[in-house]
Amino acid sequence: MKVKCLIIGSGPAGYTAAIYASRANLAPVLIEGPQLGGQLTTTTEVENFPGYPDGIDPFTMMDDMRRQAERFGTTFVSGIVTKVEFAAPVTGNPSPVTHKVWVEDTDLYEADAVIIATGASAKYLGIESERTYRGRGVSACATCDGFFYRKKTVAVVGGGDTACEEANYLAGLCEKVYMIVRKPYLRASEIMQQRVLNNPKIEVLFEHNTLQLTGEGKVQGADLIFRKGEPDEAIKHIAIDGFFLAIGHHPNTGLFRDFIALDPEGYIITEGHSTQCYQPVTGNPSPVTPLPGVFAAGDCADPHYRQAVVAAGSGAKAAIEADKYIKSL
Ligand code: NDP
């Protein structure tokens, strides 16, 4: 199937790109991917997306975005992209390139422009009870869910900049914040460490790992192990209402590795205000050659903000840039 504009991903970035691309008469096709609605649907309620003064459940919000894109002519394909081949222009040949995207290995789409909006996935510890209480006390986004834990006690897992930032943010709302750090030190930058260590509401539990979460239908506590395998190994129980993971994210970009430039963590590199992707440059970390017709939006290209509203904004930018590119062909 030949299309003008193909969008990969059904989070706020993908749907917003679809709204803009369809309103620009690009008749976009959006491949929905493994998690319809994206990362946002792992949270319980969205209260910080402008336009919803009473908050909104994430499924309704994502469905609204989807219907809005549908209204203007977006076609949705349920399935997972399994392979891509992005074409770079050949020097001296002015013909426009076509990018190829396979869904479920069999259905080939050829597109003038591709917008990658595949998001990122929060890392979880992998313990059973973390899945049991997902959305019922377990969260991977303090900015999204912290407000539900006002005047309560929560724990943040991790010792990096994100964990410190989230612990400080939560300390502004909560009665008490534990930080569960597996090493005897924090990995975060000095200034973030100082903010945490000087905050009287935050108690850092160094050399602790989480064994399991406990509670009747929602998180009410956590069993931790101190210095596993050491002679002074000990189990500690803490009473908590919320358990926040801040141990990093994986951008969902592995499929694109051979065709576009990624940073060392796998985030797609775009330059400045643009959503334009670059060709990978072997042996040189600086991506200097754009890959015409390939754009990235949302968390797959954003290690910093990771907010739905920011992702939506970048989806709009990607569609505007794709439209400009397609009209230039
Ligand atoms: P990091 O990879 O820097 O830190 C992850 C933290 O989680 C580490 O303390 C790590 O422990 C811990 N961890 C990882 N896996 C586990 C596990 N299975 N069990 C327990 N703990 C675990 O990720 P961040 O998201 O914090 O930061 C990503 C990047 O973004 C960094 O470069 C950071 O500097 C940057 N950033 C900058 C900010 C700022 O400048 N304001 C804000 C947020 C992020 P260990 O140390 O033992 O490996």
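This passage describes a parallel sheet, a helix packed on the sheet and the surroundings of a ligand in a predicted model. Local features required pLDDT of at least 70 and side-chain atom pairs pLDDT 80 or more, whereas totals for chains, interfaces and linings use all residues. Residues are numbered from 1 along each chain as its sequence is written, and side-chain values use heavy atoms, with hydrogens and water left out.

Five strands (DSSP runs of E, at least two residues, numbered from the N terminus) form an open sheet in the order β8-β15-β9-β10-β11, with parallel pairing; two strands pair if DSSP finds at least two bridges between them. Because β8 (138-139) and β11 (202-206) each have a single partner strand, one side of each edge strand lacks a neighbour in the sheet. Strands β9 (residues 153-157) and β10 (residues 176-181) are joined by five bridges, and V157 has I180 in β10 as its bridge partner.

Helix α5 (residues 161-171; helices are DSSP runs of H or I, at least four residues) packs on this sheet and touches β9, β10, β11 and β15 (242-245), contact meaning heavy atoms within 4.5 Å. The direction of α5 makes about 165° with that of β10; axes are lines fitted to C-alpha atoms, for helices over the stretch in contact, and angles run from 0 to 180 degrees between N-to-C directions. Buried residues of α5 (under 20% relative accessible area, 1.4 Å probe, protein chains only) include C164, L170 and A171.

An oxygen atom of the ligand is 2.5 Å from a side-chain N or O atom of D161. For the side chain of R182, the corresponding distance is 2.8 Å.

Notes: Buried < 20%, exposed > 50% of the residue type's maximum accessible area, 1.4 Å probe, protein only. Polar contact = N/O pair within 3.5 Å; in protein donor to acceptor, adjacent residues only side chain to side chain.
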